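User: I'd like to learn how to read a structure like this one. Could you walk me through a few features, one at a time?

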Amino acid sequence: MTPEPTGTATATCTRPPAGLSVWPASARVTAHGDVAVAGVSLARTAERFGTPLYLLDEDEVRRRCRAYREAFPGAEVAYAAKAFLCRALVHWIRDEGLGLDVCSAGELELAVTAGFPPDRVLLHGNAKTPEDLATALRLRVGRIVIDSAGEIARLAALVPHGDRQKVLLRVVPGVEAGGHAAVRTGTDGQKFGLSLTDGSALHAVSRVLGQTRLHLTGLHCHIGSQIPGTAPYLTALRRAVGALALIRDRHGIVLTELDMGGGHAVAHRPGEPAQDIRDLGALMRAALSEECAAAGLPVPRLTVEPGRALVGPAGVAVYRVLAVKRSGPRVFVAVDGGMSDNPRPALYGVRYAPRLIGRRSTAGPCAVTVVGRHCEAGDVLAADAELPADVRPGDLIAVPVAGAYQLSMASTYNAVGRPPVVAVRAGRARLLVRRESLADLTSRDIGL
């Protein structure tokens with residue numbers, strides 16, 4: 001079944017199909033209309049492992065890790081595990097010399113049991129559970145980021161007698177930035193951090209310094225996600241350095257670390273803006289030196305925490321088309337995945353550029369809405385996408401920039417198991433995370 005060419009259901013487009021600018025650098029279009037990533041055919045990989053399927057280009061991840069280390073020489077680059085985490089990725093991050101920031105005991109245990117050094121781990125979270133804190137102390141993580149005043153005494157009480165836990169204090173600099181209201185964390189009125197504007201951050205500093213089992217080493221400042229420009233980071237950095245100077249003046253101590261978080265934008269579709277990491281690194285390092293010199297402070301060690309920017313563009317999701325139909329003015333292309341493996345369009349309105357793979361089509365492009373299989377009208381993977389007008393059930397569709405915040409946010413809605421993850425490198429594919437089966441789902445149900 002194909003979309004009908006009559007009426008207003010499809011919008012005929014004369015532009016050529018979108019290129020591979022947002023795909024992994026290794027992506028190539030084959031003579032048969034397929035796409036190969038790292039020398040691996042997506043269509044053949046889908047036949048081997050089934051769909052939905054997620055692929056991760058290992059060399060692309062490693063290349064991006066190295067690019068960050070080059071852009072921020074002398075700084076600590078800590079991968080934000082919330083973007084996506086599995087044992088193999090832990091090894092890649094460790095091998096490339098990055099640190100790791102985690103948000104739960106689960107992420108922490110996974111990383112450490114996979115061989116990641118706990119002293120290179122930061123624990124985040126606005127509402128850390130007793131288990132989160134106890135696990136971090138038991139495994140001796142490098143630093144814990146304090147997010148609220150009430151957390152100070154709770155953490156100090158858990159630190160064993162005779163020990164001192166290194167901590168950072170998360171501050172809110174009053175900077176509005178981010179691609180969606182749900183991911184803007186640099187202003188007052190949201191759940192993260194302590195305000196520099198109302199004085200709560202500096203009051204918390206006094207409380208931390210009063211705890212003999214806590215060692216305050218620096219400040220943490222994360223302003224949001226999907227930020228393409230440099231100006232918000234520079235503004236936040238200046239305000240954070242100003243706070244470091246106030247702490248020195250009031251308490252006579254010089255903090256040695258400044259963590260400026262992540263949130264560096266990537267393009268999900270050709271032509272969208274993305275953060276220039278080399279430019280950002282040069283500007284942030286220069287601004288840090290200048291601001292510290294003006295304040296009479298030694299330059300603290302800088303930390304940045306990329307997540308999406310490391311793994312997002314390295315991932316590709318592959319789906320099989322189940323149905324194509326017209327409803328009113330729209331043509332819907334339904335696939336065998338959806339919001340259970342990628343809730344981001346429903347949460348943030350993220351837009352993608354899906355591509356037909358596995359066969360060459362001579363049909364012109366038409367506007368379609370790619371939807372998932374779930375029982376929700378909002379289960380939309382790609383609105384106003386362009387696919388060939390002869391798209392039909394059985395076809396394969398690939399969605400690039402799928403490596404971050406898709407499987408890490410995935411659910412088992414409608415009792416649909418989560419897809420597998422396959423690594424591709426040098427012409428070979430290997431399974432990293434197997435497909436979740438019905439047996440996996442039912443094994444937890446012990447109610448009868």
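Analyst: Let's go through confidence, strands and helices in turn. Keep in mind that this is a predicted model.

User: Fine. What is the mean pLDDT of the protein chain, and what share of residues reach 70 or more?

Analyst: The chain averages 92, and 93% of its residues get to 70 or more. The part to watch is residues 1–18, where pLDDT is below 50. That stretch still has 40 contacts in the model beyond near neighbours in sequence.

User: On to strands. How do I read a sheet?

Analyst: Strands of a sheet pair through backbone hydrogen bonds, and they can run parallel or antiparallel. Here, one open sheet has three strands in the order 1-2-3, with antiparallel pairing. Strand 1 (28–29) and strand 3 (40–41) are the edge strands, each pairing on one side only.

User: Which residue is the bridge partner of alanine 36 in strand 3?

Analyst: That's serine 41. Strand 2 (residues 35–37) and strand 3 are joined by two bridges, in the antiparallel sense.

User: And where can I see parallel pairing?

Analyst: Look at strand 11 (residues 214–220). It pairs in the parallel sense with strand 9 over six bridges, and valine 167 has leucine 216 of strand 11 as its bridge partner. Strand 11 also pairs in the parallel sense with strand 12 (residues 257–259), over three bridges. There, leucine 219 is matched with leucine 258 of strand 12.

User: How many of the seven residues of strand 11 are buried?

Analyst: Six of them, so to speak of strand 11 as mostly covered is fair.

User: Now helices. At what angle do helix 2 and helix 3 pack?

Analyst: For a helix pair, look at the angle, the axis distance and the residues that touch. Helix 2 (residues 58–71) and helix 3 (residues 87–95) pack at about 35°, with axes 10 Å apart, and their crossing is right-handed. Helix 2 contributes Glu58, Val61, Arg62 and Cys65 to the contact, while helix 3 brings Leu89, Trp92, Ile93 and Asp95. By class, that makes five nonpolar, three charged and no polar residues.

User: Which residues of helix 5 are buried, and what covers them?

Analyst: In helix 5 (residues 130–139), the buried ones are Asp132, Leu133, Thr135, Ala136, Leu137 and Leu139. Their cover includes helix 4 (105–113), helix 6 (149–158), strand 7 (121–123), strand 8 (143–146) and strand 9 (165–172).

User: What follows helix 5?

Analyst: Arginine 140 does, and its phi is positive, near 60°.

How values were computed:
Residues numbered from 1 in each chain as written. Predicted model: local features only at pLDDT ≥ 70, side-chain atom pairs only at ≥ 80, totals over all residues. Heavy atoms only, no water. Buried < 20%, exposed > 50% of the residue type's maximum accessible area, 1.4 Å probe, protein only. Helix = DSSP H or I, 4+ residues; strand = E, 2+ residues; numbered from the N terminus. Contact = heavy atoms within 4.5 Å. pLDDT = per-residue confidence, 0-100. Axes fitted to C-alpha atoms, helices over the stretch in contact; angles between N-to-C directions. Left-handed = near helix turned anticlockwise from the far one by under 90°. Nonpolar A, V, L, I, M, F, W, Y, C, P; charged D, E, K, R; others polar. Pairing = 2+ DSSP bridges.
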